[in-house]
Amino acid sequence: MKNLTILSILFTAFTLTAAEYDIDKSHSRVGFSVKHMVISTVRGDFNEYSGIVLFDENDVSKSKVEGTVQVASINTDNEQRDNHLKNADFFDVENYPVIKFVSTKVTQKDDQYIMTGDLTIRDVTKSVEIPFNVTGVLTDPGEMTVWALKPSLKSTEKILA
């Protein structure tokens, strides 16, 4: 498998045809932000995650994404808050240890792509749309083709609203 980065997405490919990629955790971030009491924004990350991405530039309908997040790996830089988020009031890690996303389709309109899929949190599945753009293609010093993809953060923020 080749490497792929999620959220600030950057992945390495040898060809421009469809290929399957593992997430490259050394260049990836799975994060979130939540408004707290109207006056502040709490940001955090999940440090343990995995996934596979298949991106076909020539026929995006053949593209797919699957990923899982280990909820217990949540980190907001506040241990008391993290423990509260892990309990039954929020994520209920003991009973629902994984967040899962499975795409159902990928479409393209002009330079904008939309990944539609099923997001499952606490055994509740909702269909979500995540717009993303291809922000650049280049050849790195090792002669590999590198693609940079970036999801729309505004849409990502709305997923759990």
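In strand 5, glycine 44 is the bridge partner of phenylalanine 32. This pairing belongs to a predicted model, and it serves here as the point of entry to the sheet, the aromatic residues and the nonpolar core described below.

Strand 4 spans residues 30-36 and strand 5 spans residues 40-46; the two run antiparallel and are joined by 7 bridges. Among the bridge partners, histidine 36 is matched with serine 40 of strand 5. The hairpin formed by strand 4 and strand 5 has 3 residues between the strands, and methionine 37 in this hairpin adopts a positive phi near 55°. Strand 5 is also joined to strand 8 (residues 74-75), by 2 bridges and again in an antiparallel arrangement. Here the bridge partner of phenylalanine 46 is isoleucine 74, in strand 8. Together these elements make up an open sheet of 3 strands, with the order 4-5-8 and antiparallel pairing. Strand 4 and strand 8 are its edge strands, each pairing on one side only. In general, strands of a sheet pair through backbone hydrogen bonds, in either a parallel or an antiparallel manner.

The sheet sits within a protein that has 2 helices and 12 strands. From the N terminus on, the order of elements is β-β-β-β-β-β-β-β-α-β-β-β-β-α. The protein comprises 161 residues, of which 39% count as buried. Its accessible surface comes to about 10000 Å², and carbon and sulfur atoms account for 51% of that area. Among contacts with a separation of 6 or more, 41% are between residues 24 or more positions apart.

Aromatic contacts were examined next. The count comes to 2 aromatic pairs. Phenylalanine 32 and phenylalanine 46 form a tilted pair, with 5.5 Å centre to centre and 45° between the planes. Phenylalanine 32 lies in strand 4 and phenylalanine 46 in strand 5, so this pair ties together parts that are 14 residues apart in sequence. Both residues are shielded from solvent by the criterion of relative accessible area: phenylalanine 32 is buried at 18%, and phenylalanine 46 is buried at 7%. Phenylalanine 46 also pairs with phenylalanine 91 in an edge-to-face arrangement, with 6.0 Å centre to centre and 80° between the planes. This pair links distant parts of the chain, 45 residues apart: phenylalanine 46 is in strand 5, whereas phenylalanine 91 is in the loop between helix 1 (79-86) and strand 9 (98-109). Phenylalanine 91 has a relative accessible area of 15%; because buried means under 20%, phenylalanine 91 counts as buried. Phe32, Phe46 and Phe91 form one aromatic cluster.

Two members of this cluster recur in the account of the nonpolar core. The largest nonpolar core has 25 residues, and those with the most contacts inside it are Phe46, Phe91, Ile99, Phe101 and Met115. Two or more residues are given to this core by each of strand 4, strand 6 (49-55), strand 7, strand 9, strand 10 (112-121) and strand 11 (124-139). Strand 10 provides the largest share, with 4 residues.

The surroundings of methionine 115 and valine 65 show how parts separated in sequence meet. Not counting residues up to four places away in sequence, methionine 115 touches Val65, Phe101, Ser103, Lys105, Val106, Val128, Glu129, Ile130 and Phe132. Valine 65 has its place in strand 7 (residues 64-70). With a relative accessible area of 16%, valine 65 is buried. When neighbours within four places in sequence are left aside, its contacts are Ile52, Val53, Phe101, Val102, Ser103 and Met115. Valine 65 and methionine 115 are 50 residues apart in sequence, yet their C-alpha atoms are 8.3 Å apart in space.

Charged side chains were considered last. The count comes to 1 salt bridge. In this salt bridge the side chains of lysine 62 and aspartate 59 meet at 3.9 Å, N to O. Lysine 62 counts as exposed, at 52% relative accessibility, whereas aspartate 59 is partly exposed, with a relative accessible area of 28%.

Note on methods: Residues numbered from 1 in each chain as written. Predicted model: local features only at pLDDT ≥ 70, side-chain atom pairs only at ≥ 80, totals over all residues. Heavy atoms only, no water. Pairing = 2+ DSSP bridges. Buried < 20%, exposed > 50% of the residue type's maximum accessible area, 1.4 Å probe, protein only. Contact = heavy atoms within 4.5 Å. Phe/Tyr/Trp six-rings, centres within 6.5 Å; stacked < 30°, edge-to-face > 60°. Salt bridge = Lys/Arg side-chain N within 4 Å of Asp/Glu carboxyl O. Core = buried A, V, L, I, M, F, W, Y, C linked by side-chain atoms within 4.5 Å. Areas by Shrake-Rupley, 256 points an atom, 1.4 Å probe, with all protein chains shown as cover.
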